[in-house]
Amino acid sequence: MTRSILEALDRYAEQSPEALALDDVTYRELRAASLRVAAKFRDAGVRAGDRIAIYAENRPGFVYAYLGGLRAGAIVVPVNVLYRTADLEHVLEDAEPTVVCVSEQSAPFAAELPGRRLVQLADAELWARDGAIAALADPPPPQADDVAILIYTSGTTGRSKGAELSHRNLGAIADQLVEAWRWTGDDTLLLTLPLFHVHGLGAGLNGTIVAGARALLRERFDAASVVAELDAGNATMFFGVPTMYVRILEQAGPSVRFEHVRLFVSGSAALPATVHEEFARRFGISILERYGSTEFGFALSNRYDGPRHAGTVGFPLPQVEIRLADPDGNDVAAGEAGEILVHGPNVSRGYWRNDDASQDAFVNDAQGRRWYRSGDLATFDPERGYIINGRLKELVISGGFNVYPIEVETELLRIPGITAAALVGQPDAARGEIPVAFIETNADYDEEATLATLRERLASFKVPKALYRVETLPRNAMGKVEKTRLRAALTEKSTRA
Ligand code: AMP
């Protein structure tokens, strides 16, 4: 059991000091970098429990600032680098960091204020290499239950909240993935996911360190270079969000085989079954889909050895317990849809300075065990595992019938000419809501044929009553469709009508 990411880093720095950890940086060098940067943070007045925000793209300095911040006993706050003005101010006002680490690109958007110092990641990169470490006092290691990071939720339903993840939570999140996905020191992960998100940081970087493996850190996802690097055998693992897999399929030429990659993982949004199937057909590779969230890292994963079924997220990770609950908190009957509740050593204890939100999202059971209410709906199939039906708040209830968006989106994506789809509820006087779909299409699209096919495949109440073609669906930094913006567009349509 890994009690903290630093503990794992120290262990490999001792056991295999010359093994590569991050690009060409060894475990010995990475540990030294964390000590040197911690010393600089402490010189700058950072004390245990102070916050250090990192508002930047993926680069080595991000990793040094993160590990140095943890080593200094600070709480690290990764901030979405796409945030500007209102979102950025909200996070910085809420977390009150003493130091904000920035890149040349992000610096102009973050202001230096009394009590808040800006540090350039380029400087952190210099500090990481500079000076003897023997002279540095090793700060007392943080306790396993101290908060290690605050990750702000994507804020799809209101103001974003800082989920507190302790050192123990981070260790447990990484341990589970290392065990479930057979991650070892022989692996190299091509890491293009943003480090400000739990997928890039909690799975990608922390998993690498806990496995004693290597990560190749890239500033952003670029489909052409990812295909070239993976096909050249530079990495054994790749983690992505569904839109990345769509781009990889578009980009990969007929000679591409990916034969050195032993594991492709998808998560953060539903992987369309069509993408899973096409990947299998073209490369003979079954993408492993998993389910996770900022508040607990990861909870469900298809089995490494077992069949990886399209449209399912598999079974609980080691040490994770899952329940499917009705609105009163009782377990639903077998086969019924319910809200996913998560319990385990990976689960956050609550939101930073927000007791009301914590009380809404976390519940204690009769044994005093804490469960996170995910707000996601799922059903369980004993053979195939859990099937995510979408967000509870995005469920469309039409004339009293439940329409699960993912089910309809999956069917839409099977239709030639539709390249992306999002189903939302449009207010309707007679039925409360009616399902309508926003779609991205190409030249093969034919609306009449689409509707005819949908009527054959879906119960009539699930068939979208309107298909709105858009150039591109609004997506957040993780490629997730922002349905609140689609619903706002519908309200605008109806007020203009
Ligand atoms: P975030 O906190 O940004 O990681 O978002 C977490 C949310 O992403 C979850 O609550 C789900 O709604 C969604 N999500 C994550 N993984 C999946 C998946 N494999 N399939 C469907 N939705 C997912």
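**Exercise 1. Domain 1 and domain 3**

Determine how many residues of domain 1 are in contact with residues of domain 3, and state what distance separates the centres of the two domains.

Solution. Step one: nine residues of domain 1 are in contact with four residues of domain 3. The model is a predicted one. Step two: the domain assignment places domain 1 at 5–204, domain 2 at 221–390 and domain 3 at 395–496. Step three: taken over C-alpha atoms, the centres of domain 1 and domain 3 are 39 Å apart.

**Exercise 2. The nonpolar cores**

Identify the residues that touch the most other members of the largest nonpolar core, and explain where this core lies with respect to domain 1 and domain 2.

Solution. Step one: the largest nonpolar core holds 117 residues, and those touching the most other members are Phe41, Tyr66, Ile149, Phe238, Phe258, Phe264 and Phe279. Step two: the core lies between domain 1 (5–204) and domain 2 (221–390), because both of them give residues to it. Step three: a second core, separate from this one, has 18 residues, among them Val79, Ala110, Val147 and Trp352. Step four: when neighbours within four places in sequence are set aside, the contacts of Phe279 are Tyr245, Ile248, Leu249, Phe258, Phe264, Gly284, Ile285 and Ile287.

**Exercise 3. Strand β11 and its partners**

Establish which strands pair with β11, in which sense, and whether its faces are covered or open.

Solution. Step one: strand β9 (residues 188–191) runs parallel to β11 and is joined to it by two bridges; here Leu189 stands opposite Met237. Step two: strand β12 (residues 263–266) also pairs with β11 in the parallel sense, over four bridges, with Phe238 opposite Phe264. Step three: between β11 and β12 the chain passes through helix α9 (residues 242–251), forming a right-handed β-α-β crossover. Step four: in a regular strand, side chains alternate between the two faces of the sheet. Step five: in β11 (residues 237–240), Met237 and Phe239 lie on one side and Phe238 and Gly240 on the other; these residues are all buried, and both faces are covered.

**Exercise 4. Helix α7**

Compare the end-to-end span of α7 with that of a straight helix, and describe its burial and the residue that follows.

Solution. Step one: α7 (residues 198–211) has 14 residues, and a straight helix would reach 20 Å at 1.5 Å a residue. Step two: the end C-alpha atoms of α7 are only 17 Å apart, short of that value. Step three: 14 of the 14 residues of α7 are buried. Step four: Gly212 follows α7 and has a positive phi, near 70 degrees.

Definitions and conventions: Residues numbered from 1 in each chain as written. Predicted model: local features only at pLDDT ≥ 70, side-chain atom pairs only at ≥ 80, totals over all residues. Heavy atoms only, no water. Expected span 1.5 Å × (residues − 1). Buried < 20%, exposed > 50% of the residue type's maximum accessible area, 1.4 Å probe, protein only. Pairing = 2+ DSSP bridges. Right-handed = clockwise from strand over helix to strand, strands pointing away. Core = buried A, V, L, I, M, F, W, Y, C linked by side-chain atoms within 4.5 Å. Domains from an automatic or database assignment. Contact = heavy atoms within 4.5 Å.
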